[in-house]
Amino acid sequence: MSVVRKFSLLLVTVLIAAIAAAGVVAWTGGYHLYIVHTGSMAPALLAGDAVLDSPPKDRYKPGEIITFRHSSLTTDLVTHRVADLAPGVIHTKGDANRTADVWDIRPEQVQGVVATRLPGLGYVLIFLRKPIGIAAVLVGGLALVMLWRLFSPGKEESAEDASPLISADA
């Protein structure tokens, strides 16, 4: 294997390991990735975006975008902006909605505060959750390996190293 190929393989391996390690560190640190499914927060957040949320805080302020459970009885998550605060209660509203949300949430229902928007990543994450998405990644990876081998062949064999197809003694 040539030095360039070894270095390229090492670089790709280190990159994948670094991304995985960063994800594990972020997850254990309370950061979570959520997919935006509706346009209720347009233009700040669009359907198909992903948001990276930092851990919940003790205090919130109007204007912050938070991800929360809108009811104690559901696991559904909503990402909206804090519209107003009352003692022990947070009022929220989607930027694209004409009126504030009908529910009041308690601070313990908040799952996180939006740290950053990742445009379009939600579509990719949804695709990768499906069997066809996993198969597409595997086939794509196999195709890349085959193209690498095709366009970057290993060490050329010399005439003496090659085994003859037809023996001269025959």
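Y34 stands opposite V51 in strand 2, and that pairing is a handy way into this predicted model. Strand 2 covers residues 50-54, and strand 1, covering residues 32-35, runs antiparallel to strand 2 and is joined to it by 4 bridges. From there the picture widens to an open sheet of 7 strands, a helix that lies across part of that sheet, and a few charged pairs.

**The chain as a whole**

- The chain holds 3 helices and 7 strands.
- If you follow the sequence from start to end, the elements come in the pattern α-β-β-β-β-β-β-β-α-α.
- There are 170 residues in the chain, and buried residues make up 22% of them.
- The accessible surface adds up to about 12,000 Å², and carbon and sulfur atoms account for 67% of that surface.
- Taking contacts between residues at least 6 apart in sequence, 54% join residues that are at least 24 apart.

**The sheet**

- In what order do the 7 strands of the open sheet lie? The order is 1-2-7-3-4-5-6, with antiparallel pairing.
- Strand 1 and strand 6 (104-105) are the edge strands, each pairing on one side only.
- As general background, strands of a sheet pair through backbone hydrogen bonds, and the pairing can be parallel or antiparallel.

**Strand 2 and its partners**

- Strand 2 is mostly covered, with 4 of its 5 residues buried.
- On the strand 1 side, L33 stands opposite L52 of strand 2, just as Y34 stands opposite V51.
- Strand 2 also pairs with strand 7 (residues 110-118), in the antiparallel sense and over 5 bridges.
- Within that second pairing, D53 stands opposite V114 in strand 7.

**A closer look at H32**

- H32 has its place in strand 1.
- Which residues does H32 contact, leaving aside its neighbours within four places in sequence? They are W27, V51, L52 and D53.
- H32 and A115 are 83 residues apart in sequence, while their C-alpha atoms are 9.9 Å apart in space.

**Helix 2 and the nonpolar patch**

- Helix 2 lies across strand 1, strand 2 and strand 7, and runs at about 95° to strand 1.
- On the surface, V124, F127, L128, I132 and V137 form a nonpolar patch, together offering about 430 Å² of accessible area.
- Two elements give two or more residues to the nonpolar patch: helix 2 (121-128) and helix 3 (131-151).
- Helix 2 supplies the largest share of the patch, with 3 residues.
- V124 is located in helix 2, and its relative accessibility of 41% makes it partly exposed.

**Salt bridges**

- Side chains of opposite charge can pair when their charged atoms come close.
- How many salt bridges does the model contain? The count comes to 4, and three of the pairs are described below.
- D49 and R117 meet through their side chains in a salt bridge, at 2.5 Å from N to O. D49 lies in the loop between strand 1 and strand 2, whereas R117 lies in strand 7, so this pair ties together parts that are 68 residues apart in sequence.
- Is D49 buried or exposed? D49 is buried, with a relative accessible area of 3%, while its partner R117 is partly exposed at 33%.
- E64 forms a salt bridge with K57, and their closest N and O atoms are 2.2 Å apart. E64 is buried, with a relative accessible area of 12%, whereas K57 is partly exposed at 35%.
- R106 and E108 also meet in a salt bridge through their side chains, at 2.7 Å from N to O. Here R106 is partly exposed at 35% relative accessibility, and E108 is exposed, with a relative accessible area of 56%.

**Putting it together**

- Strand 2 brings several of these topics together: it pairs with strand 1 through 4 bridges, it pairs with strand 7 through 5 bridges, and helix 2 lies across it.
- The loop between strand 1 and strand 2 adds a link of another kind, as D49 in this loop is paired with R117 in strand 7.

Methods. Residues are numbered from 1 along each chain as its sequence is written. This is a predicted model: local features need pLDDT of at least 70, side-chain atom pairs count only at pLDDT 80 or more; totals for chains, interfaces and linings use all residues. Side-chain values use heavy atoms; hydrogens and water are left out. Patches are made of residues with over 30% relative accessible area and no salt bridge: like charges are joined within 9 Å, nonpolar side chains (Val, Leu, Ile, Met, Phe, Trp, Tyr) within 5 Å. Accessible areas come from the Shrake-Rupley method with a 1.4 Å probe; for residues, only the protein chains shown count as cover. Buried means under 20% relative accessible area, exposed over 50%, partly exposed in between (1.4 Å probe, protein chains only). Contact means heavy atoms within 4.5 Å. Two strands pair if DSSP finds at least two bridges between them. Axes are lines fitted to C-alpha atoms, for helices over the stretch in contact, and angles run from 0 to 180 degrees between N-to-C directions.
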